[in-house]
Amino acid sequence: MERLRPDTLLVSLMHVNNETGVVQPVAELAHKLRETSTYMHVDAAQGYGKLTQDLTAPIDMISVSGHKIGGPKGVGMLLARHRGWDTLPLKPIMFGGGQERKLRPGTLPVPLIMGLAEAAKIFHKEHAQWNKEAAAFRARLLDALAKTRFRINGDQDHTVPHILNLTFDGVDAEALIVMLKDQVAVATGSACTSASYTPSHVLTAMGLPEEVASNGLRLSWFPSQTTDLDPTELANAIMRLQPDSA
């Protein structure tokens, strides 16, 4: 709050960091900003449907990605709340027809919208079980990985159950990705195909050493996608790059 200026129009914050899974205090900040003239936007791509209570706070704008809750790819939504009788000062970025409240031209993709709406309904009903199953897989995975040497990047007291960011001691993340390609699809913080490889900007901003930030491995999962994965086999593959692991 101390960084706000009188002319600050908008504060935009991720609900859940997509690399580490760490949850940001969006509800606390929303209540504080409500007492100011500054609007708040939350990127809830990773948290929507999973941390429902946070998003009931008086957040002005919430953006959502459909495929993160099992909906169709290629559709999302921006939820915009009024402040009393005042509408948000949103401006169009595309121009043409004004049929969509003059915010965008063209015909909306109705099948994608209906798919997102149905996914949101299902996730609302099943999110508690989804979180329970995601956390159970996380526990099995960490238990299997205990025989390797690794560190978890990010505050584990404030995290979602379906994202892990790990750095394995002495293991190059790119080599590990190649080794695991037939078992899981994992990624580092930066693009693996980039011509200029740089450490994850997220892990670097956290103050982690370059070796740790460069070799952070991001894992995320839908519980239904983990049924065919044996965490022990995954750990054994990693141990081949860590021959002196326990």
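**Strands, helices and empty space: how the labels are earned**

Q: Which residue of strand 7 stands opposite Asn165?
A: Arg218 in strand 7 stands opposite Asn165. The model discussed here is predicted.

Q: Why do strand 6 and strand 7 count as a pair, and how do they run?
A: Five bridges join strand 6 to strand 7. A pair needs at least two bridges, so these strands are paired. They run antiparallel. Strands of a sheet pair through backbone hydrogen bonds, either parallel or antiparallel.

Q: What makes strand 5 and strand 7 edge strands?
A: Strands 5, 6 and 7 form an open sheet in the order 5-6-7, with antiparallel pairing. Strand 5 (150-152) and strand 7 each pair on one side only, which makes them the edges of this sheet. Neighbouring strands here are turned by 30 degrees against each other on average, ignoring direction.

Q: Which helices lie on this three-stranded sheet, and at what angles?
A: Helix 2 lies across strand 5, strand 6 and strand 7, at about 10 degrees to strand 6. Helix 3 (residues 173-180) packs on the sheet too, touching strand 6 and strand 7. The direction of helix 3 makes about 40 degrees with that of strand 7. Angles run from 0 to 180 degrees between N-to-C directions, so about 10 degrees means that helix 2 and strand 6 point almost the same way.

Q: What is the order of the strands in the four-stranded sheet, and which strands are its edges?
A: The order is 1-2-3-4, in an open sheet with mixed pairing. The edges are strand 1 (10-14) and strand 4, each of which pairs on one side only. From one strand to the next, the twist averages 15 degrees.

Q: How do you know that strand 2 and strand 3 are a pair?
A: Three bridges join strand 2 (residues 39-43) to strand 3 (residues 61-65). The requirement is at least two bridges, therefore the pair counts. These two strands run parallel. His41 has Met61 in strand 3 as its bridge partner.

Q: At what angle does helix 1 run to strand 2?
A: Helix 1 (residues 26-33) lies across strand 1 and strand 2, at about 165 degrees to strand 2. The scale goes from 0 to 180 degrees, so helix 1 and strand 2 point in nearly opposite directions.

Q: What makes helix 2 and helix 6 a packed pair, and which residues meet?
A: The axes of helix 2 and helix 6 (residues 231-239) are 8 Å apart, at an angle of about 35 degrees. Phe137, Arg140, Leu141, Ala144 and Leu145 in helix 2 meet Pro231, Thr232, Leu234, Ala235 and Ile238 in helix 6. Contact means heavy atoms within 4.5 Å, so the two helices touch through these residues. The contact has eight nonpolar, one polar and one charged residues. The crossing is right-handed.

Q: What is the volume of the largest cavity, and which residues line it?
A: Rolling a probe the size of a water molecule over the atoms shows where empty space is left. The structure holds one cavity of 30 Å³ or more. The largest cavity has a volume of about 30 Å³. Its lining is Leu145, Leu166, Phe168, Leu180, Leu217, Leu219, Leu234 and Ile238. Strand 6 (163-168), strand 7 and helix 6 each give two or more residues to that lining.

Q: Why is the lining of the largest cavity classed as nonpolar?
A: Leu, Ile and Phe count as nonpolar, so the lining has eight nonpolar, no polar and no charged residues.

Q: Which residues lie nearest the centre of the largest pocket, and what is its volume?
A: The largest pocket has a volume of about 1100 Å³. It is lined by 22 residues, and Met77, Leu78, Leu90, Leu103 and Arg104 lie nearest its centre. Strand 4 (76-80) and helix 2 (110-145) each give two or more residues to the lining. Strand 4 gives the largest share, four residues. By class, the lining divides into 14 nonpolar, three polar and five charged residues.

Q: Which residues lie nearest the centre of the second largest pocket?
A: Ala185, Ser220, Trp221, Phe222 and Gln225 lie nearest the centre of this pocket, which is lined by 23 residues. Helix 2 and strand 7 (216-220) each give two or more of the lining residues. The volume of the second largest pocket is about 580 Å³. Its lining has 12 nonpolar, seven polar and four charged residues.

Note on methods: Residues numbered from 1 in each chain as written. Predicted model: local features only at pLDDT ≥ 70, side-chain atom pairs only at ≥ 80, totals over all residues. Heavy atoms only, no water. 1 Å grid on protein atoms, 1.4 Å probe; cavity = no way out; pocket = protein on both sides within 12 Å on 5 of 7 lines; lining within 4 Å. Points joined across faces, edges and corners; volume = space filled by probe spheres on them. Left-handed = near helix turned anticlockwise from the far one by under 90°.
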